[in-house]
Amino acid sequence: MQLQDSALFKTQCYIDGAWMDADNKATVEVTNPATGEVIGTVPQMGKAEADRAVAAAQAALPAWRNKSAKERSQILRKWFDLMMAHQEDLGKILTLEQGKPLAEAKGEIAYGASYIEWYAEEGKRIYGDIIPSTGLDKRILVTKQPIGVCAAITPWNFPNAMITRKAAPALAAGCTFVIRPASQTPFSALAIAELAERAGIPKGVFNVLTGSSSQIGEVLTKDDRVKKFSFTGSTEVGRKLIEQCASTVKKVSMELGGNAPFIVFNDADLDAAVEGAMICKFRNAGQTCVCANRLYVQSGVYDQFVEKFKAAVAKLSIGNGMDAGVNFGPVIDANAVKKVEEHIADATAKGATVVAGGHPHALGGLFFEPTIVTGATQEMQFAKDETFGPLAPVFKFETEEEVLGYANDTEFGLASYFYTRDIGRVIRVSEGLDYGMVALNTGILSNEAAPFGGVKQSGLGREGSKYGIEDYVEIKYVLLAGLDK
Ligand SMILES: NC(=O)C1=CN([C@@H]2O[C@H](COP(=O)(O)OP(=O)(O)OC[C@H]3O[C@@H](n4cnc5c(N)ncnc54)[C@H](OP(=O)(O)O)[C@@H]3O)[C@@H](O)[C@H]2O)C=CC1
Ligand SMILES: O=C(O)CCCC(=O)O
């Protein structure tokens, strides 16, 4: 791998400020989804190493918690600066292990770093309250204190930003942190740890473990020293981890599956809607939890929208994300290909038509053609189940009431999108969508200043913004009495 700073490519874990192998020296291979080649190996750690990481985070807590918010802020700011200074190398590592095009990967590095910058500032503003009490001799003091040791498990689709979005508010609030990244994308996490060390984050404050998800997950969710657990991934695994956290009544944050509706009304700016649909559906080859999973287009513009959408899809440049000009890469693994194929087969068997793509790409391996199907209906699998791949089903609808019913007919409630220029409809539809996030006239809604999160079975808690830090503090109420003497 050609990096300007080759020390960013680490193949050991980072626990208590030291780089180390698994106790039994076992390793696991990581492959490049674009080529199938092995990029390197990382330690296959388990319970014993996880226990030591939690102990290190516990030992580091008092000194980190007792730094002033300004001191922590200065260290975090340095971490942010280092990430941006190494954006190119971090982007390359990310593309090699995850597959997304390099420009998109570098975009993720800036996006991930923006959470560190944001919380370096926000950590200084964890305000409390003084509340007048019922008795004149009393006052109620409310303070917010760091919750303690925090742990997290993150997915492969955003190997950098899903970590910083959790670690930055935790560290800014005065907590210490243990992270177990996805097996398919550990190198981005280890590079973040290398930069944490260079930024001066003290030993034990930020720890990275790779290896067995079930063994490490069990420690991180059941150990009483861990006070807060945060997860991004599938709803199925999230449910299980919530159950495990119940054994020690831990505070949990969950960013789980989505099934985003993308609604285009007759009065929409169609070119803007197509541009939004392209980014919303096909960035990261359709593998984000806020990706449009169902495109609902009103009957008056349905045919026109499909034609423009097809033309835009035909312009995508498919290939290895490291190659110049490529803007659409492979999917993560064979299961991802299988799921897209299953959803296409189910839809065509029930009457849908493939109007673009529909097959594994001629490049072979994990490349799948960006696909559009028309004539989609609520009876098809993708109406209920997140595809998490490059398949865009286009549904036709007649009325606002009808489409709101379809959009909300899911157990998920993460992101939703709609295009209209009618102000009354803007209010009615944004209030009527049962989603944690609603975007009007745009296909992209994530940024560090906004509260990212879902309702229903899409999760618990919010990440980013002033709200995101609340998940990493405990409220303490102090009653001051006898003040009249
Ligand atoms: N909300 C989101 O952003 C995401 C949603 N998904 C959804 O989930 C589907 C499957 O993707 P997948 O990657 O398998 O998602 P998973 O939920 O299985 O994986 C997410 C993370 O959880 C870990 N994990 C898996 N099982 C356990 C366990 N029993 N205990 C502790 N940790 C565990 C994984 O480790 P390991 O890598 O070792 O498997 C990974 O780090 C996707 O198709 C998509 O629908 C997936 C990723 C992100
Ligand atoms: O898929 C996810 O879990 C994160 C979505 C990326 C984003 O923040 O937009």
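**Figure 1. Overview of residues 19-478 in the predicted model.** Over this stretch the chain is 40% helix and 22% strand. The C-alpha atoms at its two ends lie 42 Å apart. An unreviewed UniProt entry annotates residues 19-478 as "domain: Aldehyde dehydrogenase".

**Figure 2. Close-up of the open sheet formed by three strands.** The strands follow the order β5-β6-β22, and their pairing is antiparallel. Because β5 (129-132) and β22 (473-480) stand at the edges and each has a single partner strand, one side of each is left without a neighbour in the sheet. Neighbouring strands are turned by 25° against each other on average, direction ignored.

**Figure 3. Close-up of the pairing between β6 and β22.** Strand β6, made of residues 139-146, pairs with β22 in the antiparallel sense. Eight bridges join the two strands. One residue to locate is Arg139, whose bridge partner in β22 is Leu480.

**Figure 4. Close-up of Lys25 in the loop between β2 and β3.** The loop that holds Lys25 runs between β2 (18-20) and β3 (27-31). Lys25 is not a glycine, yet its phi is positive, near 65°. Is this residue buried or exposed? Lys25 is exposed, because 8 other C-beta atoms lie within 10 Å and a residue with 12 or fewer counts as exposed.

**Figure 5. Close-up of Asn284 in the loop between α9 and β13.** Asn284 is placed between α9 (270-282) and β13 (292-298). Although Asn284 is not a glycine, its phi is positive, at about 55°. Asn284 has 22 C-beta neighbours inside 10 Å and therefore counts as buried, the cut-off being 20 or more.

Key: Residues are numbered from 1 along each chain as its sequence is written. Chains are lettered from A and ligands numbered from 1 in the order in which they are written. This is a predicted model: local features need pLDDT of at least 70, side-chain atom pairs count only at pLDDT 80 or more; totals for chains, interfaces and linings use all residues. Two strands pair if DSSP finds at least two bridges between them. Helices (H or I, at least four residues) and strands (E, at least two) are DSSP runs, numbered from the N terminus. Axes are lines fitted to C-alpha atoms, for helices over the stretch in contact, and angles run from 0 to 180 degrees between N-to-C directions. UniProt positions are given in the numbering used here, feature names are shortened, and annotations may be inferred rather than shown by experiment.
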